[in-house]
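Ready for a walk through a structure in your viewer? Keep the selection tool at hand and follow the stops below.

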Amino acid sequence: MRIIMLGAPGAGKGTQAQFITERFDIPQISTGDMLRAAVKAESELGKQVKEVMATGGLVSDDIIIALIEERIQQPDCKNGFLLDGFPRTIPQAEALKDQGIAIDYVVEIAVDDEEIVSRLSGRRVHEGSGRIYHVKYDPPKVEGKDDETGEPLVQREDDKEQTVRKRLKIYHDQTAPLVGYYQDWAAKEPAAAPKYVRVEGVGSLDSIRDQILSELK
């Protein structure tokens, strides 16, 4: 089972990816983790990555594809893998296709922008423990205070409305076109293309999980 997950930040990809990886006994391959592991392992590719990152540059698609090819040869990928955070752009999707890395399913978790803004901008965190609350969905017993310590809760920079909207804009500009790319490919070459699955990411975690798993045969 080789899967690509798509969805805006805050759509719930991480949670659903955990359900999928457990169900099919496959690893979740995140490009960030992979880059860090390559640098730590000091492989040839790792050295290239380290140089690029040291100068604040963006790691090229070629290097990331090479890392993915290397990673999917590992024994834990024998049943497949779930790609998280890649591809982010159409050129990356094209590169994956050109390298002959076959994908079975592309799963999109679709959530309306305003719902995402409400989800993320409502999050509050207790810095000491990492406990997360939500002003609307999971409020603390006392407004603005951690349930266990009574210490103040904070809103992370990443969760501020302005930042969330900026992240959504980047997603719509760069990554959302992949939805059309994979839908078109599935329509034109159903035998060769990955199957495209779209699930509305609103409702209980279990119902979203069940919808996804019922589509992944």
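## Stop 1: an aromatic cluster

Start by selecting Tyr181, Tyr182 and Trp185, which together form one aromatic cluster. Before you zoom in, keep in mind that you are looking at a predicted model. Colour Tyr181 and Tyr182 by accessibility and you will find both of them buried. The count of aromatic pairs comes to 3. How are the planes of Tyr181 and Tyr182 set against each other? Their ring centres are 5.0 Å apart and their planes meet at 80°; planes over 60 degrees apart count as edge-to-face, so that is what this pair is.

## Stop 2: the whole chain

Now zoom out and switch to a cartoon view. The protein chain has 9 helices and 7 strands. Its radius of gyration is 19 Å, close to the 17 Å from the globule rule for 217 residues, so the chain is as compact as a globular protein of that length. If you draw the principal axes, the C-alpha trace spans about 55 × 40 × 35 Å along them.

Turn on the surface next. About 12200 Å² is exposed by the protein chain, and carbon and sulfur atoms supply 49% of that area. Of the 217 residues, 40% count as buried. A contact map is worth a look too: among contacts between residues at least 6 apart in sequence, 67% join residues at least 24 apart.

## Stop 3: helix α7 and its two faces

Select residues 161-175, which make up helix α7. Its 15 residues, at 1.5 Å each, should span 21 Å, and the end C-alpha atoms are 20 Å apart, which agrees.

Which residues of α7 are buried? Show Val164, Leu168, Tyr171 and Thr175 as sticks: those are the ones. They cover an arc of only 80° around the axis, which puts them on the same side of α7. The general background is that an α-helix has 3.6 residues a turn, so residues three or four places apart point the same way.

To see what lies over the buried residues of α7, add β1 (2-6), α6 (113-121) and α8 (177-188), which are among the elements that cover them. Then rotate to the face of α7 turned away from its buried side, where the exposed residues Gln162, Lys166 and Lys169 sit.

Stay on helix α7 for Arg167. Is Arg167 buried, partly exposed or exposed? With a relative accessible area of 30%, Arg167 is partly exposed. Leaving out neighbours within four places in sequence, Arg167 is in contact with Pro9, Leu120 and Asp158. Draw a distance from Arg167 to Ala8 as well: the two are 159 residues apart along the chain, yet their C-alpha atoms are separated by 8.5 Å.

## Stop 4: strand β3 and Phe81

Jump to Phe81, found in strand β3 (residues 81-84). Phe81 has a relative accessible area of 0%, so it is buried. Expand the selection to what it touches, not counting residues up to four places away in sequence: Met1, Arg2, Ile3, Ile26, Pro27, Ile29, Ile72, Ile101, Ala102 and Ile103. Another distance to draw runs from Phe81 to Asp25, 56 residues apart in sequence and 8.6 Å apart in space, C-alpha to C-alpha.

## Stop 5: a cis bond and Gln92

From β3, follow the chain into the loop between β3 and α5, where Pro87 is found. Check omega for the peptide bond from Phe86 to Pro87: that bond is cis, with omega near -5°.

Carry on to Gln92 in helix α5 (residues 90-98). At 9% relative accessibility, Gln92 counts as buried. Beyond residues up to four places away in sequence, it touches Asp61, Ile65, Phe86 and Pro87, which brings you back to the two residues of the cis bond.

## Stop 6: two positive phi angles

For the last stop, open a Ramachandran plot. As general background, most residues other than glycine have a negative phi, and most peptide bonds are trans.

- Asp25 is not a glycine but has a positive phi of about 55°. Look for Asp25 in the loop between α1 (13-24) and β2 (28-30); it is exposed, with a relative accessible area of 52%.
- Glu42 also has a positive phi of about 55° without being a glycine. Glu42 lies in the loop between α2 (31-41) and α3 (44-54), and its relative accessible area of 54% makes it exposed.

Terms used:
Residues numbered from 1 in each chain as written. Predicted model: local features only at pLDDT ≥ 70, side-chain atom pairs only at ≥ 80, totals over all residues. Heavy atoms only, no water. Helix = DSSP H or I, 4+ residues; strand = E, 2+ residues; numbered from the N terminus. Expected span 1.5 Å × (residues − 1). Buried < 20%, exposed > 50% of the residue type's maximum accessible area, 1.4 Å probe, protein only. Arc of directions from axis to C-beta. Contact = heavy atoms within 4.5 Å. Rg over C-alpha atoms; globule rule 2.2 N^0.38 Å. Areas by Shrake-Rupley, 256 points an atom, 1.4 Å probe, with all protein chains shown as cover. Phe/Tyr/Trp six-rings, centres within 6.5 Å; stacked < 30°, edge-to-face > 60°.
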